[in-house]
Amino acid sequence: MSSPIVDLNADLGEGFGVWRLGDDDAMLDVVTSANVACGFHAGDPAGLLRVCAAAAARGVGIGAQVSYRDLAGFGRRYIDMAAEDLTADVIYQIGALKALATASGSTVGYVKPHGALYNTIVTDHYQAAAVADAVQAVDPDLPVLGLAGSAFFAAAGHLGLRTVPEAFADRAYHPDGQLVSRREPGAVLGDADEIADRVASMVHDGVVRAVDGSTIPIVAESICVHGDSPGAVRIATAVRDRLTASGVTLRAFA
């Protein structure tokens, strides 16, 4: 039997001006794909250019992390938008990052929604279709990274886009497979060894333990470790080491 192959991704480029969030360079030494902010929830052009160049130098895949236009709320607040406005905003963000990636000698290989937009389009078919329409309009060959079984994946699949399901190393799950809100206690996990064991179970056994103690199925071609979490580099390193030690090959999906 061949060894499992999985991608390891993280949200990067989320600093702004003099404000720095996370250690992008250290994370780029660990992950295989970088979800790079596009300036709407975080990131400024100079910083994003640096992250794209650093990713290109390491052979790390670059994805456009698109979001609501919400710098003040870090993209974690729901916005009720007309479909054409949301589609245009996503097109704009992908286009901006494509230019920065090209200038760095690389390219945007996929699209991943961020924060409240990510969570909204798990169930909101209206906004899910708007985001999928944007990706298709820019490049129908761009894969989309998201939650298996989501409205977003249904809309993307309808348009013929490649869908890549991901699981979250450091986030708690409800029994229905959705993420526990960050507003709830215990939503973000912090024990590196426990997280590494949890991810190994996701990859090898296709299951994860939910907050109620039940074991639920999970589908993951990519594992996300949040770059802004406390101890993010340590957690990502523990996950990478645990997976490689158990025979998993880490490789970017795009």
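Start by selecting His226, which lies in the loop between strand 9 and helix 8 (232-245). Keep in mind as you go that this is a predicted model.

**Stop 1: His226 and its surroundings**

Is His226 buried or exposed? Its relative accessibility is 7%, so it counts as buried, the cut-off being under 20%. Now show what touches His226. Setting aside neighbours within four places in sequence, the contacts of His226 are Asp11, Phe168, Asp170, Arg171, Arg182 and Ala232. One of these, Asp11, takes you to the next stop.

**Stop 2: strand 1**

Select residues 5-12, which make up strand 1. Here 7 of the 8 residues are buried, so strand 1 is largely enclosed by the rest of the structure. Which strands does it pair with? Take the partners one at a time:

- Strand 10 (residues 249-250) runs parallel to strand 1 and is joined to it by 2 bridges. Look for Val6, with Leu250 of strand 10 opposite.
- Strand 9 (residues 222-224) is also parallel to strand 1, and 3 bridges link the two. In this pairing, Leu8 faces Ile223 as its opposite residue.
- Strand 2 is joined to strand 1 by 4 bridges, again in parallel. Here Ala10 stands opposite Ala34.

While the side chains are on display, a reminder may help: in a regular strand they alternate between the two faces of the sheet.

**Stop 3: helix 2**

Next, select residues 45-58, which form helix 2. Its 14 residues should span 20 Å at 1.5 Å a residue, and the C-alpha atoms at its ends are indeed 20 Å apart, so expectation and model agree.

Colour Gly47, Leu48, Val51, Cys52, Ala54 and Ala55 of helix 2: these residues are buried. Why do they belong together? They cover an arc of only 165° around the axis, which puts them on the same side of helix 2. The general background is that an α-helix has 3.6 residues a turn, so residues three or four places apart point the same way. Turn to the other side of helix 2 and you find Pro45 and Ala57, both exposed.

What do the buried residues of helix 2 pack against? Their partners are strand 1 (5-12), helix 1 (24-28), strand 2 (33-37), strand 3 (61-66) and helix 3 (83-103). Strand 1, from the previous stop, is thus among them.

**Stop 4: two positive phi angles**

Step just past the end of helix 2 to Gly59, where phi is positive, at about 75°. Then move on to the loop between strand 3 and helix 3 and pick out Phe74. Phe74 also has a positive phi, about 55°, although it is not a glycine. For context, most residues other than glycine have a negative phi. Is Phe74 buried or exposed? With a relative accessible area of 13%, Phe74 is buried.

**Last stop: the whole chain**

Zoom out and colour by secondary structure: the protein chain holds 8 helices and 10 strands. Its radius of gyration is 17 Å, close to the 18 Å that the globule rule gives for 254 residues, so the chain is as compact as a globular protein of that length. Along the principal axes, the C-alpha trace spans about 40 × 40 × 35 Å.

Of the 254 residues, 52% count as buried. Among contacts with a separation of 6 or more, 73% come from residues 24 or more positions apart. Finally, switch on the surface: the accessible area of the protein chain is about 10600 Å², and carbon and sulfur atoms account for 53% of that.

Definitions and conventions: Residues are numbered from 1 along each chain as its sequence is written. This is a predicted model: local features need pLDDT of at least 70, side-chain atom pairs count only at pLDDT 80 or more; totals for chains, interfaces and linings use all residues. Side-chain values use heavy atoms; hydrogens and water are left out. The expected span of a helix is 1.5 Å times one less than its number of residues. Buried means under 20% relative accessible area, exposed over 50%, partly exposed in between (1.4 Å probe, protein chains only). The arc is that of the directions from the helix axis to the C-beta atoms. Contact means heavy atoms within 4.5 Å. Two strands pair if DSSP finds at least two bridges between them. The radius of gyration is taken over C-alpha atoms; the globule rule is 2.2 Å times the number of residues to the power 0.38. Accessible areas come from the Shrake-Rupley method with a 1.4 Å probe; for residues, only the protein chains shown count as cover.
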